[in-house]
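Reader: I should like to learn how to read burial, chain order and surface patches in a model of this kind. May we take these features in turn?

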Amino acid sequence: MTRVKDARTGFHMLRADESSTVEGPVRPGPSLAEWAAQFSGRGPRHAPYAEPADPGVLAELRALDPADFPTRRAQCAYLDWVFRRVLSGLPASVTVEWHRTTATAVTGPPDGPQQARLADRATALTADLVVLAQGHIGAEPAAEHRAFADFARRHGRFHLPPEFSADADLSGLRPCEHVLLRGFGLAFVDLMTLLTEGRGGRFRTRRDGTLRYVPSGREPVLHVGSRRGVPYHSKIRHRL
């Protein structure tokens with residue numbers, strides 16, 4: 001948990017282009033691929049320079065191409081560097097206190113100061129702003145999702161609320177069952193993969209180089225819709 005206090009105004013951002021609309025100054029910075037190139041000698045060094053301690057991460061960064069899909073560990077190494085670079089460039093008017101501990105609770109009114117309680121501190125920290133960067137966590141379902149769940153329960157159907165696809169229990173979906181999917185984003189792509197290749201389906205390469213999907217027979221039938229009605233652009237330049 002990091003607390004930052006600035007006596008002036010302005011925030012420094014890395015990798016912000018001309019389309020960014022921020023009040024503070026824009027500081028250009030290397031992308032992950034440009035930053036990783038320094039470890040293989042294909043690019044300049046970026047201060048503060050330090051090689052990742054994990055040899056596996058270092059090996060991945062040395063071989064990383066701009067079209068590759070990096071692992072989370074490689075991305076974390078880059079974000080760690082971004083954090084250290086921001087700290088090294090702060091003006092004297094900024095004080096940073098870094099608490100390497102667990103935040104156990106955050107309380108306070110919606111429009112007032114917040115009280116952040118830490119595991120190793122008896123008194124709470126008072127903050128004007130708290131940013132929770134917790135990744136995918138559980139949440140209380142919204143009213144419309146509770147209504148969907150009640151409808152499915154009354155009619156003996158399966159309902160999956162919004163959640164992290166990799167953690168979802170999909171065992172309730174039977175082979176060849178017709179399934180309505182709401183949303184065409186990245187969570188849909190993950191869910192579709194789990195319900196197709198994840199159930200034994202395979203892709204075969206035709207003679208002309210195109211792919212043909214060979215179902216296993218254990219997949220449900222997916223009917224997909226979204227408010228926009230079209231899927232997101234595919235990541236056609238990325239290699240998995």
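Reader: How much of the chain counts as buried?

Author: A residue counts as buried when its relative accessible area is under 20%. In this predicted model, 23% of the 240 residues of the chain meet that description. The chain exposes about 17700 Å², of which carbon and sulfur atoms supply 55%.

Reader: Which elements does the chain have, and in what order do they run from the N terminus?

Author: There are five helices and nine strands. Read from the N terminus, their order is β-α-α-α-β-β-β-β-α-β-α-β-β-β. As for contacts between residues at least 6 apart in sequence, 48% join residues at least 24 apart.

Reader: Which residues form a nonpolar patch on the surface?

Author: A residue enters a patch only with over 30% relative accessible area and no salt bridge. Here Leu 186, Val 189 and Met 192 form such a nonpolar patch, and together they have about 250 Å² of accessible area. Leu 186 belongs to helix H5, which covers residues 186–195. Because its relative accessible area is 57%, Leu 186 is classed as exposed.

Reader: Which residues gather in a patch of positive charge?

Author: For charged patches, like charges are joined within 9 Å. On this surface, Arg 202, Arg 204, Arg 206 and Arg 212 gather in a patch of positive charge. One of them, Arg 204, is found in strand S7, residues 202–205.

Reader: Is Arg 204 exposed or partly exposed?

Author: The class between buried and exposed runs from 20% to 50%. Arg 204 has 44% relative accessibility and therefore counts as partly exposed.

Terms used:
Residues are numbered from 1 along each chain as its sequence is written. This is a predicted model: local features need pLDDT of at least 70, side-chain atom pairs count only at pLDDT 80 or more; totals for chains, interfaces and linings use all residues. Side-chain values use heavy atoms; hydrogens and water are left out. Patches are made of residues with over 30% relative accessible area and no salt bridge: like charges are joined within 9 Å, nonpolar side chains (Val, Leu, Ile, Met, Phe, Trp, Tyr) within 5 Å. Accessible areas come from the Shrake-Rupley method with a 1.4 Å probe; for residues, only the protein chains shown count as cover. A salt bridge is a side-chain nitrogen of Lys or Arg within 4 Å of a carboxyl oxygen of Asp or Glu. Lys and Arg count as positive and Asp and Glu as negative; His and the chain ends are not counted. The place of a charge is taken as NZ of Lys, CZ of Arg, CG of Asp or CD of Glu. Helices (H or I, at least four residues) and strands (E, at least two) are DSSP runs, numbered from the N terminus. Buried means under 20% relative accessible area, exposed over 50%, partly exposed in between (1.4 Å probe, protein chains only). Contact means heavy atoms within 4.5 Å.
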